[in-house]
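Me: I am new to this structure and would like to go through it in short questions. Please show it first.

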Amino acid sequence: MDMNMELEQPSISDSWPWSGLEDMSFDSVQWSLPETGTPLKVIILLLSFYILYYLSCVVNKPKLVGGEKGLQQYLIKHCPVLTERYWPKIWAFQCHFMTILRAAFQKCPNSVVKYNREILPLDDGGEVALDWACQQGSVNLLNSSETTPVLLILPGITGKSQDNYLMHLSQDGILTGYRPVVFNQRGNGGLFLKTMRTYSASDISDLSEVVHRIQCLYPEAPIVGLGVSLGGMILTQYLHKLGNKCNLNAAIAISMVWDPFKTRESLENRIENRNIYVRFMSTNLRSMVRRNVERLSSEEKENLPFCYETVMTTKTITEFDEHVTAPMFGFSSVDEYYKESRNSDKIHKICRPYICITSADDPFVPKESIPETGFIANPNTLLVMTSHGGHFGFLEGLSPTINSTWMNRICRQLLTALKNYD
């Protein structure tokens, strides 16, 4: 029998300050108001409806999708957050608020994370940066036990180790007894391209070399991969392409795209998504290309594998992939590249413990693209899906400041549990 734990309606008894509202309904509410002006009555009425909507439709336990036995059964016993209700910020639970506010206003961790950088030369002449994390004032994790598990963190598109969400995830690794290292992709994190080759959602060669390097440094240490957005796509490709030969002990993917075709439709065909996310990401991609191309000589610019002037006019991710990523990695078209990058039909090939954290309202990950049946059929996997959260936003609490998020809380519990999972 497969277990598919549906989103549950909230019970206000779960340590929430509004205790006693669990029996409230629209029929039982007495709308008698003090003798005040009409505007105040309208405000109170609207506020009441807002709170009732939040309590009845927003606050839910995450939906867990996986086989009845195996990984799901173990994690339910060891990760309380999986069976607790997630309380998104009441003033910012809408998906765009979640996504944008976290990206724009999340503060650095309370304990400052510092990195020790290692430049890793790659077989084709390129290079990536591995930033090994430690907390300021703590013992350098590079000198800790040889068996200390390594947390390999893969950023989102154009992400770098100094991004706040990556510093928080690095801190999560430190607090749970891991040796965190952030894998900065080619041309990111302050690096310049050594070759005219970047990275893609379907290519695992750079990740394979990074994992091999970690194994050479710490041959007795387990390695857990944690990928966010594009990093989660690459991590999942690595897992299913290598199968039993995969050199990771476990993996966590957060807000990853399952089907690039459906994501393209969601982002580029909806006005708000196109004007917010597509414009921002395409600008960052063009900036990365510009920053690297401007350093080249005139002769080197003439030998680029793409037309620089055309790339600078691209307005969408699809256009950028059509002119840069797809031809750079040997694909005849952007659709062929997206087909190869699709992970939704490959869950059955994953042989390592694998957890995917996502939200049902993620503008990058349409709910219909999430392969729930694949998770049910593979006992090595678990899908954790909240009703709200945006694209790795997952804000919670009442505070107007944004520090650690629900994403960090669940990651800490998962990382602790995975250390003892066989």
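Me: How much area does the protein expose, and what share of it do carbon and sulfur atoms supply?
Reply: This is a predicted model, in which local features need pLDDT of at least 70, side-chain atom pairs count only at pLDDT 80 or more, and totals for chains, interfaces and linings use all residues. Residues are numbered from 1 along each chain as its sequence is written, and side-chain values use heavy atoms, with hydrogens and water left out. Accessible areas come from the Shrake-Rupley method with a 1.4 Å probe, and for residues only the protein chains shown count as cover. The protein exposes about 18,600 Å², and the share from carbon and sulfur atoms is 53%.

Me: How many helices and strands are there in the protein?
Reply: Helices (H or I, at least four residues) and strands (E, at least two) are DSSP runs, numbered from the N terminus. By that count the protein has 14 helices and ten strands.

Me: Is H391 buried or exposed?
Reply: H391 sits in the loop between β10 (381–386) and α14 (406–418). Buried means under 20% relative accessible area, exposed over 50%, and partly exposed in between (1.4 Å probe, protein chains only). H391 has 5% relative accessibility, so this residue counts as buried.

Me: Which side chain does a polar contact of 3.0 Å join to that of H391?
Reply: Contact means heavy atoms within 4.5 Å. Leaving aside neighbours within four places in sequence, H391 is in contact with residues including T99, S229 and D362. A polar contact is a pair of N or O atoms within 3.5 Å; within protein, one must be able to donate a hydrogen and the other to accept it, and residues adjacent in sequence count only if both atoms are side-chain atoms. The side chain joined to H391 by the 3.0 Å polar contact is that of S229.

Me: Which helices do the buried residues of α3 pack against?
Reply: The buried residues of α3 are C95, H96, M98, T99, L101 and R102. They pack against α4 (164–175) and α8.

Me: Which residue caps the N-terminal end of α3?
Reply: A side-chain oxygen of the capping residue lies 2.7 Å from the backbone nitrogen of H96. The cap is Q94.

Me: Where does G156 lie?
Reply: At 9% relative accessibility, G156 counts as buried. Leaving aside neighbours within four places in sequence, its contacts include Y165, V228 and S229. G156 lies in the loop between β5 (150–154) and α4.
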